[in-house]
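The exercises below are meant to be worked with the sequence and the coordinates at hand. Try each task before reading its solution.

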Amino acid sequence: MRRPPDSPERRSLLLVAAVALGVGAIVAGVHWPVLACQALCIDDVTFLFKNPAFQNPGWGTALQFIREVTHSSTIEGYYEPLTLISLMLDVLDGGRWHQLYPFHRTSLLLHVINVMLLVVLLYLLFREPISAGLVGLLFGLHPLTVEPVAWVWERKTPLATCFALASLILYVLHARRPRGWMLLASAVMLLLSLMSKPTGVMLSVVMILLDVWPLRRFGRRTLLEK
């Protein structure tokens, strides 16, 4: 039985998947030396390695991080429970001040995922897989992206970015073909981004800008969605 020919849309999806994986592999290869990095900044010592909360990792500590909304025992005036839980999991995996590999491995993995998510997002917006790959590569290799990968305590940036990009992808999919569950899932991802880094609060503004261009669907109804 003859197989039906691939549709142009299917070929584009396969191409963008290949581009995303290729760009992710390049970014991982370039950043690979960070896995051996043993440099510590003052925040790493103060808030992580000398923090009693991280000396007893477990469910109780995770719940403590989530409950401390208005007053954090880890860092005053900053609510980032998912980031703290992420670092705690690295501590459980053997992360110590003299063994930073687990922390850098997780941060590098998040950065590579973010690069691939960005490629997917740009493809969904502009339908140009090669251009999306080039922009993703620029983002992945830009010098400003080195710090969040190499600095242990800066885990909040790649983690929040991961949830933010997932939220935007789901929002764009909802904009192209409205489905209530996609909008709800986008809102959940936005909340998780906020729980990783408070700067995620600007994500709603980004969605409004996307509605203006390139989605071209800005109106009262789209504002109410926010």
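**Exercise 1. Find how many salt bridges the whole structure holds, and work out which parts of the chain the pair Arg155 and Asp90 ties together.**

Solution. A search of the whole structure, which is a predicted model, finds five salt bridges. To test one of them, take the side chains of Arg155 and Asp90, whose N to O distance is 2.7 Å; a salt bridge requires a side-chain nitrogen of Lys or Arg within 4 Å of a carboxyl oxygen of Asp or Glu, so a pair that meets this cut-off is counted. Next, place the two residues: Arg155 lies in the loop between helix H7 (146–150) and helix H8 (156–176), whereas Asp90 belongs to helix H4 (residues 81–92), and the pair therefore ties together parts that are 65 residues apart in sequence. Finally, check the surroundings, where both Arg155 and Asp90 turn out to be buried.

**Exercise 2. Work out which residues are linked with Glu154 in a network of salt bridges, and decide whether Glu154 is buried or exposed.**

Solution. Begin with Lys156, whose side chain meets that of Glu154 in a salt bridge at 3.5 Å, N to O. Then turn to Lys197, which also forms a salt bridge with Glu154, the closest N and O atoms being 3.8 Å apart. This second pair links distant parts of the chain, since Glu154 sits in the loop between H7 and H8 while Lys197 sits in the loop between helix H9 (180–194) and helix H10 (203–212), 43 residues away. Taken together, Glu154, Lys156 and Lys197 are linked in a network of salt bridges. For the accessibility, the cut-off for buried is under 20% relative accessible area: Glu154 has 10% and is therefore buried, Lys156 has 9% and so counts as buried, and Lys197, with 16%, is buried because of that value.

**Exercise 3. Determine where the buried residues of helix H2 lie around its axis, and what they pack against.**

Solution. In helix H2 (residues 42–49), the buried residues are Asp44, Leu48 and Phe49. They cover an arc of only 65° around the axis, which means that they are on the same side of H2. The general rule behind such an arrangement is that an α-helix has 3.6 residues a turn, so residues three or four places apart point the same way. The last step is to look for the partners, and the buried residues of H2 are found to pack against H4 and H5.

**Exercise 4. Explain why Cys41 is not bonded to the closest cysteine sulfur.**

Solution. The structure holds zero disulfides. The closest cysteine sulfur to that of Cys41 is in Cys37, and because the distance is 8.7 Å, it is too far for a bond; the cut-off for a disulfide is 2.5 Å between the sulfur atoms. As for accessibility, Cys41 is partly exposed, with a relative accessible area of 37%, whereas Cys162 is buried, with 15%.

**Exercise 5. Identify which residues make the nonpolar surface patch of about 500 Å², and place Phe126.**

Solution. The patch is made by Phe126, Val212, Trp213, Phe218 and Leu223. Phe126 lies in helix H5 (residues 101–126), and with a relative accessibility of 36% Phe126 counts as partly exposed.

Definitions and conventions: Residues are numbered from 1 along each chain as its sequence is written. This is a predicted model: local features need pLDDT of at least 70, side-chain atom pairs count only at pLDDT 80 or more; totals for chains, interfaces and linings use all residues. Side-chain values use heavy atoms; hydrogens and water are left out. Helices (H or I, at least four residues) and strands (E, at least two) are DSSP runs, numbered from the N terminus. Buried means under 20% relative accessible area, exposed over 50%, partly exposed in between (1.4 Å probe, protein chains only). Patches are made of residues with over 30% relative accessible area and no salt bridge: like charges are joined within 9 Å, nonpolar side chains (Val, Leu, Ile, Met, Phe, Trp, Tyr) within 5 Å. Accessible areas come from the Shrake-Rupley method with a 1.4 Å probe; for residues, only the protein chains shown count as cover. The arc is that of the directions from the helix axis to the C-beta atoms. Contact means heavy atoms within 4.5 Å.
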